[in-house]
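Open the model in your viewer and set the backbone to cartoon. Keep a selection box at hand for the stops below.

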Amino acid sequence: MKPVVLYYSKTGKTRLMAEAIASALNAPAMDLTAADIAAVGSYDLLVLGTPVNGARPAAEAMPYIATIPQCPGKKSVVFCTYAMFKGSTLKVLERELSKKGFQTVLSVAKKGVKQGETDFSDVQRQVSEAASKV
Ligand SMILES: Cc1cc2nc3c(=O)[nH]c(=O)nc-3n(C[C@H](O)[C@H](O)[C@H](O)COP(=O)(O)O)c2cc1C
């Protein structure tokens, strides 16, 4: 099983979560704004995350998410970091990926991530378990 982690991060907190997930899955973590997004089709599991901005995924991420290729039947995990209220962020990410044929098997949010935070063990456990079933 070959997973990939794609993320957008404005101030680095979502990047910390993305890197922790990537480390748990032994997968690459790629910044959405710099990644070869067309290559997503060569992976078995897409893990996609953004920060919450205005109770939705960060707007800057959306044009990149729109370029994810059609991947009928592939599995996905969506995640976000947020301060207080995540609103519809994970639902929007799930919906965008379902338009591309993905089935989201796990949605996970982490509140109040701080700069330099290193303990993502709860998230790592959840994502590893979901990935083991793909
Ligand atoms: C423009 C802006 C809008 C935000 N809107 C929300 C929000 O609606 N709800 C919330 O809980 N956090 C909100 N936040 C806080 C971020 O989601 C949170 O700090 C996140 O972990 C930042 O991730 P990043 O460092 O990867 O950009 C907002 C932050 C910014 C800069």
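Which strands and which helix do the buried residues of helix 1 pack against? Before answering, note that this is a predicted model.

**Stop 1: helix 1**

Select residues 13-25, which form helix 1. Check the length. At 1.5 Å a residue, its 13 residues should span 18 Å. The end C-alpha atoms are 19 Å apart, which agrees.

Now colour the buried residues of helix 1: K13, T14, L16, M17, A18, A20, I21, A22 and L25. Then show their partners. The strands are strand 1 (3-7), strand 2 (29-31), strand 3 (45-53), strand 5 (75-82) and strand 6 (103-111). The helix is helix 4 (121-132). That settles the opening question.

Step past the end of helix 1 to N26. Its phi is positive, near 55 degrees.

**Stop 2: the ligand**

Select the ligand and the 19 residues around it. Which of them come nearest? They are S9, K10, K13, T14 and P51. Helix 1, strand 3 and strand 5 each give two or more residues to this shell. Colour the shell by class: 8 residues are nonpolar, 7 are polar and 4 are charged.

K13 and T14 deserve a second look. Both are on the list of buried residues in helix 1, and both are among the residues nearest the ligand.

**Stop 3: the largest nonpolar core**

In soluble globular proteins, nonpolar side chains tend to be buried together. Here the largest nonpolar core has 39 residues. Select V5, M17, I21, L46, V47, V77 and V127, the members that touch the most others in the core. At least two residues each come from strand 1, helix 1, strand 3, strand 5, helix 3 (89-99) and helix 4. Helix 1 supplies the largest share, 7 residues.

Centre on L46. Leaving aside residues up to four places away in sequence, L46 touches V4, L6, V40, K74, S76 and F102.

**Stop 4: helix 3**

Move to helix 3 and select its buried residues, T89, L90, L93 and L97. Why do they sit on the same side of helix 3? They cover an arc of only 95 degrees around the axis, which puts them there. The general rule is that an α-helix has 3.6 residues a turn, so residues three or four places apart point the same way.

Add the packing partners of these buried residues: strand 3, strand 4 (56-57), strand 5 and strand 6. Then rotate to the face turned away from the buried side of helix 3. Exposed residues R95, S98 and K99 are there.

Finish at G101, which follows helix 3 and has a positive phi, near 95 degrees.

Definitions and conventions. Residues numbered from 1 in each chain as written. Predicted model: local features only at pLDDT ≥ 70, side-chain atom pairs only at ≥ 80, totals over all residues. Helix = DSSP H or I, 4+ residues; strand = E, 2+ residues; numbered from the N terminus. Expected span 1.5 Å × (residues − 1). Buried ≥ 20, exposed ≤ 12 C-beta atoms within 10 Å, placed from the backbone. Contact = placed C-beta atoms within 7 Å. Near = placed C-beta within 6 Å. Nonpolar A, V, L, I, M, F, W, Y, C, P; charged D, E, K, R; others polar. Core = buried A, V, L, I, M, F, W, Y, C linked by C-beta atoms within 7 Å. Arc of directions from axis to C-beta.
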